[in-house]
Structures are given as structure tokens and as C-alpha cells.
Amino acid sequence: MVRDRTRGYLCMVLHGHLPFVRHPEYPNFLEEKWFYEAIVETYIPLLTVFEGLVRDGVDWRLTMSLSPPLLSMFADPLLQERAFAHIDRLVELSEKEVRRTAPHPEFQRTARMYEAKFRHARALFSDQYGRNLANGFRRFQDSGQLEIVTCGATHGFLPLMETRPEAVNAQVQVAVDCHARHLGRAPTGIWLPECGFQPGHDEVLRRHGIRYFFMDAHGILLGSPRPKYGTYAPVFCRSGVAAFGRDLESSKQVWSALEGYPGDFEYRDFYRDIGYDLDEDYVRPYINGDGVRTFTGIKYHRITGDTLDKAPYDPARAREKAAQHAGNFLFNRGKQVEYLAGLMDRKPLIVSPYDAELFGHWWYEGPDWLDMLFRKMHFDQDIVKPVTAREYLAEYPVCQVSTPSMSSWGHKGYNEVWLEGSNDWIYRHLHKAAERMTELAGRPAGAGGPAGRAVRQAARELLLAQSSDWAFIMKTGTHVGYAVNRTVNHLGRFTRIYDEVNRGAVDEGWLALIEARDNVFPEVDVRAWSA
Amino acid sequence: MRMGNVPSGSRKRTKPATSSADIPRRKSPPRVSAAPPASEAKPRVAPRHVNRAVGAVTTTVRRDSPVDLPAARPAPHPLAGELAAGKKAPFPLPPVEAWSLPDSYGDTRIVAMVRDPWWIYAYWEIQPAKIDEVRRKVGDGAWRTVRSVLRVHDVTGVTFDGTNARRFHDITIEGGASAWYVEVGVPGRSWCVEIGILTADGRFFVLARSNVVTTPRDTVSPVIDEEWMVQDEVFQKLAGVAGTLRPGASTNLAELMRKRMIARMSSEGLTSLTSPVRRAAGSKQP
């Protein structure tokens, strides 16, 4: 009999989300590229890592949130078609690049890497998963290694909806419905949008079958009563829903701009891209289609240092570095759990959450790092074991009851990122629309008739307006016009529907156009707003 | 307590979207896109969230009103012109529509929101009829010297009925603002904000009363559950602040934790869509 030498657990969490961006009214749309890039650089590489782990018999555990907008975009035929065309163009461009770089072996090896990766991506996307990557994630969910949790219906920042509890309810309820529809089972956990927690919202989660959520460290540490294990074990809210706190030490090793792994000089530089470096005529078909230069995803340099004189990227050396960093991360987690185990009367749990797009998109070698981390954890040691939140709760069903503190994982830890000079103007309109939505949801409208359709579309417009992404983009100052537009347009469409329904004069022609454009949540249940 | 003004001037941002100093926070560089008509082409101002009390609209409605009134007619959204002038022909569906948001919904209400342990935010909308009502009570003579104020009540632990606040303070509203940041300064307490008319002789007439909000604590809870006791020393280690306290100084645990946590939150607070990798100094690229 083998003695269990596990001293502690590691719960790796990747938060997968993009705002719902889909513009059938334009053949090319800059902001739609966020989704195509995420597919090629993050989601396909992650699925490829998962396949390799399963193939090689690694016992791994990863928790991912797949936000309802992301799942909806995965499943959308128009975006699937455009994503496929995007990948196809990348294959073509990488083939040209292999020829163009022939005289320069130090660049051609990287061109060959892209060619192989893009071809693989095309096959995986199209042949293996039928162009819907949700099928891929579902496969690993069903085989038990991947725990998929939900998020707000459109990533609405819940603490700033405090005066409209029906809006909070709808963000959770619509998310749970969407998750079940795309992934075949109801979620038991949630990644609160931006980790925004307001005491009392746990009761809403409980109502919809959610048993746990994640939050930032200070939300747990400042909870009351004082949490005995700090962030190294979950607490139960009074509702019985468990709260898991982010570990700051492990976060810092990856996230930190100063000391984090992604800034290593061997890693690929994000900013040098042939979309900017090469002759415009050559790259035009692969950028935005209208001559505006954008990233193509083909980059040939490593970070090199704090210099503009970048050295050629070496994929083999970068991969070696990712392996070293995975080893370093695991070594530190081993030391950490041994230290913590001495302070606790149960096995400590380290929760390490990251944005999914850090892996692959921002940090190109991130998926390799994750791959190595799970392999090393499985083969090289038995001190730290990967676990899901659900498994930890199964081992320790009795936890301290404590009310976590209002918090978020945004800059300064509270609500300021989404409530400041650039974006505070949106809330009076969002709150009013939520109030009106509750009014619409309470009307005895025939569900199948135009009024019923109109009310469901009003729900979609409200949800889309509520994405925290818009407030965030307004604050950060890039793509501001787009974020303002989205907010104003969805609110404008909402208000027109509200007025038309009240007048009993729904313009069905216009409604059909809007239904075709803002087609998220086809089966949205408007009763979510009257709960 | 200090108050945070929300002068309309400071809200107008005219920062050009394309700047060599810009760090791309999103996936695409901050470049102009011709495809979406209202993308980053021009410098622009943020939409107004403050009624234009200073401007002509309000003052022509009632020159002597101390309280900002809703604009008499809806103002076009700042981007409306650009949207209407859509640069691209429609593809399968009509081009972007030119929506605008109303200045008023015809309500008389004030809504409070929490920004962080030390600040709250309130926005409001007051109908002229409500102001007329108060004006009649105040009388024309006294009206000339009234101020419009936000009365910020500390209602921690009480069911507020308008008279039983633990304490309150007033903030004079200037410039026809319809929103304000209030530095309450004390974490872990409950607040209710009234907007009203304060006469020179100290009478206060409420126009609207807000919801109650509770600011989060910024220190470790003093409440210990005896079933889940933990020594201060162990808790410090778990919270990552061990070794920084001198022996016998454990009473400062809360303060130390507060400082450490604020430092961490400010320096490490990372949210989605940001790159963890620094760019090289002087980089010319987007």
C-alpha cells in the first residue's frame, strides 16, 4: 500500500472570457479579431496541451471558466466561418513566410514553427471539433480532469448592480442556463466577473445551484469572523456557498510585470509583429483588410532585454525556459505547502487563478509552461497534488463560516476600475434599463407573439450593455469609441423596444434585424428579471 | 471629511486615442480602424454624465434654481454625428444606428454606490415639480439664499427614518452636477445620502433619499469564532505578513495588515486584458 505523501493541493484556475463581439453588418471588424486571435493563440493551444496530457497518462486537474459570451461565440456559425477563414489565412501567410525567410535560418525555424502550429490549429478546429471549441473543452470535462465553471451572463460587474437585485439574479441565471446548454451539465462553480463580490450575492448563487466561487485574497482575509486558515482553505458563506481565495505568492510569480516568468528574455516578444514590420503590400491581406496595420500573430523576436534591438526568437530555447520556470513554480509550491502544512490542521490549498489569455496570447510559452507543470507535478514529486475546488470540498466538507468582504481583483482591489471618471456615466442608464426590464418581464405578453419576442430581445440588449468590458475599456483608453458605442447602442435598442412594447406597436421588421445582429442567448428566460 | 468634486471639466477627456505612449491593453493596437465607423479615429470627449446646468439649457429653464434641472431636450450623443456619417456601406444589415441616451428619465431619485472602503458615489435626477414643491415650502424670500446639498448620513446599525442617523455632514453641490464622489473616509460603515435644499437658517428639505450602502472593511476582522481559533502569530504567517512585527507589537496586526494589503492591491491588482510583460522603453510600436 502506498502511503499518501501529499502535503497540499494546487488549484489552477484559468478565466476564459471575451465580450460578445459579432458584427455581421461588416465583412471585417477589428474587434472581432480578439476572438480569432484567442482561438488560435490560447484556446487551441490549451486543448492541444490537454490532449497530450491525457495521451501520456498524466493525472492533471484544471479549473476553467468559460464565460457565456465566449461559449456563445464558440457556437455561432458566422463566427465559426470567419474564425476558420482567419486560421486559413494564417496557414497561407506562414507558408509564404517559410519561403521568404529561406535565406535566414535563424528566422526560418520560427516560420516553420508557425506553419506547423497553424496547420495543426486548422485541423483541430475544423476536423476534430467541428469548428466549435466548446466540444473540445466538454470532452475533458466529461473525462474528469477539467472542471468548467460559469461566469456572469455577460461578465456584468455585480457589486455595481447592488440596487437592482433582479439584474444580479439574471446575470447568474442566464449564465447557468447557457452553460448547461453548451456543456451538457449545470455548473457547480462560478468565476464572479472580475472577482467582484458583494456580501449577499452568495445567496443568489445558491439559488441557482452554484456551490462555490473564487475571489481575491483580501476578500477572504478581511472576512468576518477572521478566517482561521487565511486563503489556504475555503470558507462557507452563511448561504452555504464556499468562497476560495486567490493565493498572492503564486500569482505574483506569473503575473508580476517585474519578476514574473512571462517577461523572461528568452520568451517571444509580443510587440514585434510582421503586421507592422513588413512591407504593407505583402501583409495587407492578413491585417485588417482595409490597410490598417494590426498584429498578424507572426513574430520573430525574443524579448531580449529592455531594448529595441531584439534578437531572433529560438523556439527550442524558449521551451526549455518554460520547462525551467514550471520546475521553479512547482519547487516553490512544494516549499509553500510544506510551510503552510505546519501551520494548519488540514492540507493547505493554493488557488492560482489567471486570465486564460495570458497563456498563449500574451505569454506565448504559457501553454508549454502549464503542460510542463502538470507533467512535473505528476511524474517528479508527490508533495503537491492538483485538485479542483469540488474535490477539495469533498475531502473537507466542514469549513469555517465567514462572510467574505466586498472586493474585486481589479486595480486597488475594489470597484474603482469600473466606477471612475471615464465610465461612471453608464450606471444611471444601466440601472434604469434593469428596472424597466423587470417591468417588461412582469407583463402578461404572449411568449410566441411579437411582444414576447421583443421582451426577450430587450433582455439580450440589457445583458450586452452590462458587460464589464465596456467600462474597463473606457478606463484603459484603447478602443474607447467602440466600448462607448456598444453601451449606447444596446441601451438605445433596449429603450426603443421598451417604448414599442408599451405602446403596443412592435416594429417587427426592425426587431428581426436586431435579433439577427444581437443573437446571444437565443432561449433567454425573461422570468430571470422577475425573480 | 473631504468631499470629492466631480467638476464637469475634469470629465472631458480629449486624449487622442493613438499615442506612442499608449500601452495596448487590448489585443489590437490602438490604431484607427476604418471598419467600425466609431472607432478610434479622432480625439473625443466622454459622454456627459453631468447635466448641463452651467450651459444654456438649464439656466433658461430656471435661472435662479439652486438645483440642477434636467435638460429640456435630449442632447445627441457625442458620437452621434460620426455614427450617422457612417463611412462604410452596410453589409448584410443596416449600418450603425445613431442612438442617444436621455438626460432624464422623469424620475426624482438618488442612487448611492460603493467605490471602495473610503469613497462612495451618488448620482441623481430631480424633477422640476419636486423643486417647485420645496420652493413653495421655503418661500420666495428665503429661496434666494438656499444651497443645494448632499447630506451624507452614517446609518450604521440603524434603520434609517430620516432622523436617526448616527451623524451626518453636508456637501454643497456646485456647477449643476448630477453625480458626486463622496469621501466618507471610514470603512465598514453604512451610508445613506439625501439630496435637498438647505436654507440659510439651517432648515433642510429633502428632495430624494438614496438606498443604504455599506463600505467594506479595510482591516482584519476583530471577530474570532471560538470554534476556529487561530493565534495572531499563525494568522500573520498565513496572511503573509509574518516577521514584520516586532515582538509584543501584535496589537498592530490590523494596521499592518491594512498597509500591506493596500500596497499589494495597488501594485498587483491585475485584471483581465492587460499584458503582464513590460514593453521596452522607447518602443515605437503600438
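**Figure 1. Chain B, with seven helices and eight strands.** This is a predicted model. Of the 286 residues in chain B, 36% are buried. Many contacts span long stretches of sequence: among those in chain B between residues at least 6 apart, 64% join residues at least 24 apart.

**Figure 2. Domain 1 and domain 2 of chain A.** Domain 1 is assembled from three stretches, 8-73, 133-258 and 347-411. Domain 2 covers 419-529. Their C-alpha centres lie 27 Å apart. Where the two touch, domain 1 of chain A supplies 25 residues and domain 2 of chain A supplies 22.

**Figure 3. The side of domain 1 of chain A that touches domain 2 of chain A.** Two helices, H2 (68-74) and H6 (165-183) of chain A, each give at least two residues to this side. The largest share is that of H6(A), with eight residues. By class, this side of domain 1 has twelve nonpolar, seven polar and six charged residues.

**Figure 4. Helices H3 and H4 of chain A cross at roughly 155°.** H3(A) runs over residues 77-100, and H4(A) over residues 105-128. Their axes come within 8 Å. An angle over 145 degrees counts as roughly antiparallel, so H3(A) is roughly antiparallel to H4(A). The crossing of the two helices is left-handed.

**Figure 5. The residues that join H3(A) to H4(A).** On H3(A), the contact includes Phe84(A), Ile87(A), Leu90(A), Val91(A) and Val98(A). Asp88(A), Glu95(A) and Glu97(A) of H3(A) also take part. On H4(A), residues of the contact include Ala111(A), Tyr114(A), Phe118(A), Ala121(A) and Phe125(A). Arg112(A), Glu115(A), Arg119(A) and Arg122(A) are also among the H4(A) residues here. By class, the contact has ten nonpolar, three polar and seven charged residues.

**Figure 6. Helix H17 of chain A, residues 468-476.** Nine of the nine residues of H17(A) are buried, so this helix is largely enclosed by the rest of the structure. The buried residues include Trp470(A), Phe472(A), Ile473(A) and Met474(A). Asp469(A) and Lys475(A) are buried as well, and so are Ser468(A) and Thr476(A).

**Figure 7. The surroundings of H17(A).** The buried residues of H17(A) pack against two helices of chain A. One is H15 (426-441), and the other is H18 (480-503). Gly477(A) comes just after H17(A) and takes a positive phi of about 90°.

Methods. Residues are numbered from 1 along each chain as its sequence is written. Chains are lettered from A and ligands numbered from 1 in the order in which they are written. This is a predicted model: local features need pLDDT of at least 70, side-chain atom pairs count only at pLDDT 80 or more; totals for chains, interfaces and linings use all residues. Helices (H or I, at least four residues) and strands (E, at least two) are DSSP runs, numbered from the N terminus. A residue is buried if 20 or more other C-beta atoms lie within 10 Å of its own, exposed if 12 or fewer, and partly exposed in between; C-beta atoms are placed from the backbone. Two residues are in contact if their C-beta atoms, placed from the backbone, lie within 7 Å. Domain bounds come from an automatic or database domain assignment. Ala, Val, Leu, Ile, Met, Phe, Trp, Tyr, Cys and Pro count as nonpolar, Asp, Glu, Lys and Arg as charged, and the others, Gly among them, as polar. Axes are lines fitted to C-alpha atoms, for helices over the stretch in contact, and angles run from 0 to 180 degrees between N-to-C directions. Angles under 35 degrees count as roughly parallel, over 145 as roughly antiparallel, 65 to 115 as roughly perpendicular and the rest as oblique. A crossing is left-handed if the near helix is turned anticlockwise from the far one by less than a right angle, and right-handed if clockwise.
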